[in-house]
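Q: Please take a close look at one part of this structure, chosen by you, and then connect that part to its wider setting. I would like the definitions and cut-offs stated as you go.

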Amino acid sequence: MNVHMKYMKIALKESLKGKGKVSPNPLVGAVIVKNGKIIGKGAHLKFGKEHAEINAFNNCSGSPTGADLYVTLEPCDHYGKTPPCTERIIKEKISRVFIATLDPFKKVNGKGAERLRKVGIEVNVGILEEKAKKVNESFLHFQKTKTPFILLKSAISLDGSIATDTGDSKWISSPKSRKYVHKLRNDYDAILVGKNTVLKDNPELTVRLIKGTNPKRVIIDKDLSLDINRKIFSDKNKNNTIILMSKDSNQSQKETILRNQGITILKISTVNGYLNLKEAMKELGKLGITSMMVEGGGFTASMFLKEKLVNRINLFIAPLIVGSTKKFTSNLGIDSISNAIKIVDKKISKFDKDILIDGLVEY
């Protein structure tokens, strides 16, 4: 392997240490190499705290003067919650900087690399760029669109059923699959379900199966009809709950009660009797939600796919045949196979007897 790729691969692995803890900031890892040896590594570990480059310098086992710095995202050159990383890089007299990909954030966007070049530091960009972009797909999508990157997740049988006709769905997927889903929840800012999922399952929508960070809980409840005693409105995480409701709903008293309990309510316009999901995503973006898992039933999945809002899909397929009318998705209006939604850049994994298909969505 090319030596530069080798060290950037280590930096990318380092960046993953910040999962679930740095949003809306990106995941970033840094490695400092001198005389062919790694003398420092670091990651951005918590929003508002030191960036990866600073942690790498602070962890150095020797002087970084004349060393090479490998970083997965362009160093910042502006004052935010922390000073510019470029200042520390210059102060430590780094010789060369290798950057996987530039940062599209408007306050960075090439300025960090330019500042380093101006003082005579050699800067190289593009090493393992596609891998670096995948690590930060949510951040990069948000910077471009100001709406959350959306992962649609579902557990289905071989025939595409998500439950029996009586509504029983526990459990289609294996315990190992369900634990992995909780790891995914840790990686996303929010998790969305529809009203029917809350009615049927009374879910907690937390990461209780692992040690991690609970995502915000987004509930589609157009008419604000759910019982306020449901877990999402009454448990210790209730101030982590967001309701998407219609601007036309006449539930002012209930709305006041929920707001007083710490629930966030977003009023969204309707289109053909349904909430305008594109408008809803913009409103969630304004709250700083950069990524979201959609875990609702077939109707919710279908609506997000129809509106072309899904960016990535995770399907857990269990070796079962259910034969019910309750399917993962339906009524997408696709009239020919050539117009089918495609899953690309796929990865296939096994969790006990389940198969996970993980891929990007191409419309």
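**A buried cysteine pair and its setting**

A: Cys85 counts as buried because its relative accessibility is 1%, where buried means under 20% relative accessible area, exposed over 50% and partly exposed in between, computed with a 1.4 Å probe on protein chains only. The model is predicted, so that local features need pLDDT of at least 70 and side-chain atom pairs count only at pLDDT 80 or more, whereas totals for chains, interfaces and linings use all residues. Residues are numbered from 1 along each chain as its sequence is written, and side-chain values use heavy atoms, with hydrogens and water left out.

The structure holds 0 disulfides, a disulfide being a pair of cysteine sulfur atoms within 2.5 Å. Cys76 takes part in none, and its nearest cysteine sulfur, that of Cys85, is 3.7 Å away. Cys76 is also buried, at a relative accessible area of 8%. Seen from the other side, Cys85 is likewise in no disulfide, with the sulfur of Cys76 as its nearest cysteine sulfur at 3.7 Å.

Turning to the wider setting, an open sheet of 9 strands follows the order E10-E9-E8-E7-E13-E6-E14-E16-E15, with mixed pairing; strands (E, at least two residues) and helices (H or I, at least four) are DSSP runs numbered from the N terminus, and two strands pair if DSSP finds at least two bridges between them. Strands E10 (264-268) and E15 (342-351) stand at the edges with a single partner strand each, so one side of each is left without a neighbour in the sheet. On average, neighbouring strands of this sheet are turned by 20° against each other, direction ignored; the axes are lines fitted to C-alpha atoms, for helices over the stretch in contact, and angles between N-to-C directions run from 0 to 180 degrees.

Within the sheet, E7 (residues 190-194) and E13 (residues 291-294) run parallel and are joined by 3 bridges, and Leu192 has Val294 as its bridge partner in E13. Helix H7 (residues 175-187) packs on the sheet, where the strands it touches include E6 (149-156), E7 and E13, and its direction makes about 165° with that of E14; touching is a contact, with heavy atoms within 4.5 Å. Helix H10 (residues 252-260) also packs on the sheet, touching E9 (241-246) and E10, and its direction makes about 140° with that of E10.
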